[in-house]
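Q: Can we go through the ligand site in this one? Short answers are fine.

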Amino acid sequence: MPYSLMDRRIESDIIPYARRNGMAVIAYYPLGHGKLITRFPRDALEIITRNHGPKTVAQIVLNWIVSKHEHVFPIPRASNPDHVRENLGVAGWRLTEEEIRYLEGIRFV
Ligand SMILES: NC(=O)c1ccc[n+]([C@@H]2O[C@H](COP(=O)([O-])OP(=O)(O)OC[C@H]3O[C@@H](n4cnc5c(N)ncnc54)[C@H](OP(=O)(O)O)[C@@H]3O)[C@@H](O)[C@H]2O)c1
């Protein structure tokens, strides 16, 4: 299902339904077709980097998904091998609840 900070339509029904029934959800377009990268505010990047050490925007927006839900798995498209390696940096750390709420307050559209 399409799911990202820019498209949260499945949060009210499919994601809780899947959790209740022991199902995983695959998150398509988790980078908003790349728009989340270009529209991400510099302030937010600085705040997350200050708290967690160097992170890229792609790592942050993918981490937003895996920090919120243990049963939702983003599958970003990346044709650039550097992007593939960078996106692996989503693993091994978690945004805090406060950071998650902060990111959800940003208007990306
Ligand atoms: N069965 C399936 O597997 C299936 C079915 C339907 C839809 N899908 C979904 O189809 C989507 C196709 O991709 P999309 O372009 O529409 O959406 P997307 O995955 O949200 O965004 C992909 C774009 O982000 C760029 N990107 C990736 N990693 C990046 C990074 N670390 N830094 C900067 N830019 C980065 C890519 O550039 P580069 O290419 O230059 O790396 C590409 O332009 C996939 O997300 C997949 O989830 C999959």
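Q: Which residue has a backbone N or O atom 3.5 Å from an oxygen atom of the ligand?
A: Gly34 does, through its backbone. Keep in mind that the model is predicted.

Q: What about side chains, say His33: how far is a polar atom there from a ligand oxygen?
A: The distance from a polar side-chain atom of His33 to an oxygen atom of the ligand is 2.6 Å. The side chain of His83 also places an N or O atom 2.6 Å from a ligand oxygen.

Q: How much of the ligand does the protein bury?
A: The protein buries 71% of the 910 Å² that the ligand exposes when taken alone.

Q: How many residues surround the ligand, and which are the closest?
A: There are 18 around the ligand, and the closest are His33, Ile75, Ser79, His83 and Asn87. By class, that shell holds 9 nonpolar, 7 polar and 2 charged residues.

Q: Which element gives the most to that shell?
A: α5, with 3 residues.

Q: Switching to pockets. Which space does the ligand take?
A: The ligand takes the space of the largest pocket. The volume of that pocket is about 390 Å³.

Q: What lines the largest pocket, and which residues lie nearest its centre?
A: The lining has 16 residues, with Leu31, His33, Gly34, Arg77 and Ala78 nearest the centre. Two elements, α4 (57–68) and α5 (81–87), each give two or more residues to the lining. The largest share, 3 residues, is from α5.

Q: And the lining of the largest pocket by class, what is the split?
A: It is 9 nonpolar, 5 polar and 2 charged residues.

Q: Back to His33, then. Where does it turn up?
A: His33 is among the residues closest to the ligand, and His33 is also one of those nearest the centre of the largest pocket.

Notes:
Residues numbered from 1 in each chain as written. Predicted model: local features only at pLDDT ≥ 70, side-chain atom pairs only at ≥ 80, totals over all residues. Heavy atoms only, no water. 1 Å grid on protein atoms, 1.4 Å probe; cavity = no way out; pocket = protein on both sides within 12 Å on 5 of 7 lines; lining within 4 Å. Points joined across faces, edges and corners; volume = space filled by probe spheres on them. Helix = DSSP H or I, 4+ residues; strand = E, 2+ residues; numbered from the N terminus. Nonpolar A, V, L, I, M, F, W, Y, C, P; charged D, E, K, R; others polar. Near = heavy atom within 4 Å. Polar contact = N/O pair within 3.5 Å; in protein donor to acceptor, adjacent residues only side chain to side chain. Areas by Shrake-Rupley, 256 points an atom, 1.4 Å probe, with all protein chains shown as cover. Sits in = over half its atoms within 2 Å of the grid points.
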